[in-house]
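Here is a short tour of a protein model, written for someone who likes to check each contact on screen. Please keep the viewer open as you read.

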Amino acid sequence: MTRMTSFLFGSASGWMRIALIAFWALVLLVPVGIFVLFFSLSFTDLPSVTELENPKNNEASPVLASDGTVLGRFFVENRVMVNFDDLGPHLEAALVSTEDERYYRHSGIDWQSLPRVAIKTALLGQESAGGGSTITQQLAKLLFTEQVSANLFERGFQKLKEWIIAVRLERKYTKEEIIAMYLNRYDFINGAQGIRAAAENYFDGKRPNDLTVEESAMLVGMLKNASLYNPLRFPERTEQRRNQVLQQMVRNHRITQTEYDSLAQLPLGVKFTRQRHDDGLAPYFRMILAEEAKRILQQDTYRKPDGQAYDLYRDGLTFYTTIDPRMQQHAEEQARLHMKQLQDQFFTHWDGMDPWTYTNPNSETEVRVERRLESLRNAIRQSDRYQAYRRDILVPVIRRIIEKVDFRFSLNDREIQRMIEEQERGGVITDAVNRNLISEDFAAQHREVMDLPEFAELRAAWTKLQETVETEFNKETEMRVFTYDNEAMETDTTMTPLDSIRYHKMILQIGSMSVEPHTGFVRTWVGGSNFKWFQYDHVTSKRQVGSTFKPFIYAASIDLRGITPCLRVIDQPVTIGPGDGNFGLNDPWTPRNSSGSYSYEDYTLYQGLKNSVNTISAYLMKELASTEPVRNMVANMGIPKSQIPAAPSIALGSVDLTVQQLTGAYTTFGNNGVFIRPVYLTKIEDRTGRVIYEYLPEESPAISPQANYVMVNMLGRASVGNLRGVEGPVGGKTGTTNDQTDGWFMGLTPELIVGTWVGGDERWIRFRSLGLGAGSNMAKPFFRRFVSTAQADESIGWDTQADWVRPSGELGIEMNCDAYYGGSNDSLAVDRPLLNDDPFGNSPDF
């Protein structure tokens with residue numbers, strides 16, 4: 001050691017020797033110290049190789065239409081990952097010029113910038129001097145580290161972690177991939193997470209590769225501090241920052257000075273549109289799709305490799321659907337036009353009258369006034385305004401009670417009201433138990449609460465709440481309500497909160513779905529009048545189907561019994577009594593026509609179906625001797641047999657089904673008697689493009705081709721009135737339920753089957769006259785509007801020359817009534833589908 005020291009330091013003086021020793025200690029020990037520090041940091045909470053290869057992002061899941069366009073997205077953050085090739089040339093140029101000029105010459109750490117970082121940023125604390133972070137380090141900070149703004153030591157520790165992660169990222173990814181990952185991860189605020197959403201939100205739906213130079217420069221300028229350079233709040237400051245980015249592009253020879261002089265004079269050009277879950281086409285459909293996707297992804301077969309379920313809001317899945325965006329656009333536009341016209345009729349019809357108190361002494365099925373008013377009270381209690389009053393007045397007392405009583409069931413308004421009524425007149429709780437409304441245990445807890453001293457406070461608070469609601473809900477208030485009168489479909493007005501609830505309850509709703517019969521692909525889905533205001537989907541909700549069920553009775557009769565549609569049946573009372581057939585009735589059943597009378601004239605089955613003569617449907621059901629033939633056939637058409645009552649009244653449509661179920665069944669008529677289960681989701685892919693789920697077509701024969709061909713002819717004859725403008729073969733069936741509660745039209749063309757329901761969410765929201773409330777006025781005009789506009793759209797390519805499939809050979813079922821009756825003048829009985837020139841015109845259906 002003495003020789004070594006002598007060799008190194010020679011005869012240097014004492015102070016020189018100390019300096020030399022310190023110098024060499026630094027030379028030898030600093031690298032070792034840095035190595036030890038980096039080595040020890042590598043065992044801290046730095047990301048693993050797997051995490052580096054699969055960084056966690058809240059990535060939106062796009063829903064694709066049949067042509068590959070985006071219908072919408074499921075997201076927590078509206079982030080859609082894009083590849084480097086999708087960025088276009090300007091974003092990369094602006095980013096590298098501004099954030100990391102030596103990006104392509106370093107391996108994650110820009111050593112040339114370290115002196116500036118050490119002196120200006122680290123020691124002097126000058127934030128404006130920049131942190132010297134490379135693009136890769138900034139990505140590391142976004143993905144795996146948290147910003148530390150405490151003392152110098154913590155900032156230095158943070159920086160070292162970023163260095164290590166940056167170097168590892170450079171080893172795992174190409175330079176282009178790192179740029180794409182960085183721009184995908186950055187939050188451009190205002191609901192724009194990632195560069196794809198930023199381009200769409202700030203520049204009216206543009207894709208990143210469509211951005212101009214100045215637009216790219218603005219977004220890159222936001223990377224310094226999106227809140228500081230928010231173009232919506234600080235446009236002038238953002239424009240200055242954009243021009244700084246353009247100057248950097250000049251400096252790095254990405255644009256010329258002449259180009260800069262021109263671009264710097266341009267305005268920001270921001271056209272902001274915030275992307276929300278309900279933006280875009282088919283919002284009702286996407287709501288139902290989300291429910292179906294969750295159901296699928298919970299199944300073991302479709303889980304992640306680690307066994308966890310996919311999250312459609314975070315995992316960047318891609319959903320491939322069958323919705324045709326051009327058809328969907330027409331369907332939504334025509335639904336709005338039709339419903340606006342119908343709503344105007346409805347308000348005029350009820351002018352000066354109250355649906356909640358109106359009574360019709362001639363109706364046997366009308367909902368009682370007490371039930372209607374109770375429904376109105378429930379609607380008030382469900383409102384945000386009521387809940388706010390309830391939180392302030394009632395909830396504090398409820399909390400004190402729950403602290404004393406383990407109220408295991410509920411302590412909602414209905415229970416509180418029951419206890420108060422029990423105290424006032426007694427016997428209310430016992431009656432509720434006897435009617436099986438509540439259990440004995442629940443009743444005991446009611447009484448336990450009533451014995452508390454706090455029950456007096458609860459009763460006082462309840463009284464105060466009701467008085468407050470009575471006052472406030474009848475006080476005129478400025479508010480926003482739904483309307484058909486403008487593009488936004490909402491308007492500011494002044495009315496009482498109670499009138500607002502009644503008004504919105506009186507808005508009629510629509511549920512419509514169309515299906516391509518030969519593939520089963522769902523092409524359009526309209527679930528209501530406006531998704532923002534009314535989010536209940538009416539395609540998947542059950543309503544009574546009325547006469548739209550009658551074709552199934554006719555189909556079963558023709559298919560199983562081989563009868564001809566020229567068969568004449570007298571319109572007279574038909575009774576199915578106990579012991580008749582296999583109906584198992586205890587009491588006789590004798591249905592009436594909608595008019596309440598009988599004509600005692602004979603009708604062909606053609607005419608019986610067209611005019612929805614109830615007695616003829618009842619006659620066919622009686623001849624079948626059982627409901628089983630119909631229920632079995634309908635089960636083969638996709639409707640669960642358990643949902644079809646084993647009662648002869650199904651012949652008149654006493655069945656509750658969804659638009660989705662009924663439309664699916666009707667596609668059988670359009671597919672030569674073969675049912676293909678409707679499908680709207682064909683495939684799900686993960687973020688890497690791996691297929692997680694893919695649908696398998698499901699089909700089953702339901703009706704013989706011969707009987708099916710007879711049925712499409714009959715449905716053609718039953719529907720043609722008021723279908724002017726629809727080209728090619730067309731058929732269908734209207735339906736109207738008791739008191740005009742539900743209006744239906746099931747429309748058929750060889751290219752598309754369209755099922756439509758229209759009505760009120762409550763049964764008493766209805767037209768009082770058959771002329772206005774029948775399916776021919778409620779639902780049928782929408783079919784005509786939608787199909788005619790879709791056929792006129794050349795981009796859709798609707799084949800109006802397509803025809804129903806006629807089976808080869810003899811039908812074995814006579815369709816020509818002239819021949820069947822030996823020269824009868826029944827001019828309708830022609831062996832072809834009838835089009836829009838049907839001489840019968842359009843008559844109401846029931």
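## Overall make-up

The protein contains 32 helices and 18 strands. Please bear in mind that this is a predicted model. Of its 846 residues, 51% count as buried.

The accessible surface of the protein comes to about 39,200 Å², and carbon and sulfur atoms hold 49% of that surface. Among the contacts with a separation of 6 or more, 71% are between residues 24 or more positions apart.

## The disulfide

The count for the protein comes to one disulfide, and Cys566 and Cys817 are the two residues that form it. Their sulfur atoms lie 2.1 Å apart, and this pair counts as a disulfide because the sulfur atoms are within 2.5 Å of each other. The link of Cys566 and Cys817 is left-handed, with -95 degrees about the S-S bond.

Where do the two cysteines sit along the chain? Cys566 belongs to the loop between helix H23 (550-561) and strand S9 (568-570), while Cys817 is in helix H32 (residues 817-820). The pair thus links distant parts of the chain, 251 residues apart. Cys566 and Cys817 are both buried.

## Salt bridges

The count of salt bridges comes to 39. One of them ties Glu762 to Lys505, at 3.4 Å from N to O. This pair also links distant parts of the chain, with the two positions 257 residues apart. Glu762 is found in the loop between strand S18 (753-759) and helix H29 (770-773), and Lys505 is in helix H22 (residues 497-505). Glu762 counts as buried because its relative accessibility is 14%, whereas Lys505, at 27%, counts as partly exposed.

Another salt bridge joins Glu215 and Lys206, whose closest N and O atoms are 2.9 Å apart. Is Glu215 buried or exposed? Glu215 has a relative accessible area of 10%, so this residue is buried. Its partner Lys206 has a relative accessible area of 25%, so Lys206 is partly exposed.

Salt bridges also come together in a network, and one such network links Arg480, Glu490, Asp492 and Lys532. It is worth picking out these four side chains in the viewer.

## The hairpin of S13 and S14

Strand S13 (residues 681-685) pairs with strand S14 (residues 691-694). Their pairing is antiparallel and runs over three bridges. Glu685 of the hairpin stands opposite Val691 in S14. In a regular strand, side chains alternate between the two faces of the sheet.

How many residues lie between the strands of this hairpin? There are five residues between S13 and S14, and Gly689 takes a positive phi near 95 degrees in the hairpin.

A salt bridge is also found here, between Arg690 and Asp686. The closest N and O atoms of Arg690 and Asp686 are 3.3 Å apart. Asp686 is buried because its relative accessible area is 11%, under the 20% cut-off. Arg690 is partly exposed, with a relative accessible area of 39%.

Notes
Residues are numbered from 1 along each chain as its sequence is written. This is a predicted model: local features need pLDDT of at least 70, side-chain atom pairs count only at pLDDT 80 or more; totals for chains, interfaces and linings use all residues. Side-chain values use heavy atoms; hydrogens and water are left out. A salt bridge is a side-chain nitrogen of Lys or Arg within 4 Å of a carboxyl oxygen of Asp or Glu. Buried means under 20% relative accessible area, exposed over 50%, partly exposed in between (1.4 Å probe, protein chains only). Helices (H or I, at least four residues) and strands (E, at least two) are DSSP runs, numbered from the N terminus. Two strands pair if DSSP finds at least two bridges between them. Contact means heavy atoms within 4.5 Å. Accessible areas come from the Shrake-Rupley method with a 1.4 Å probe; for residues, only the protein chains shown count as cover.
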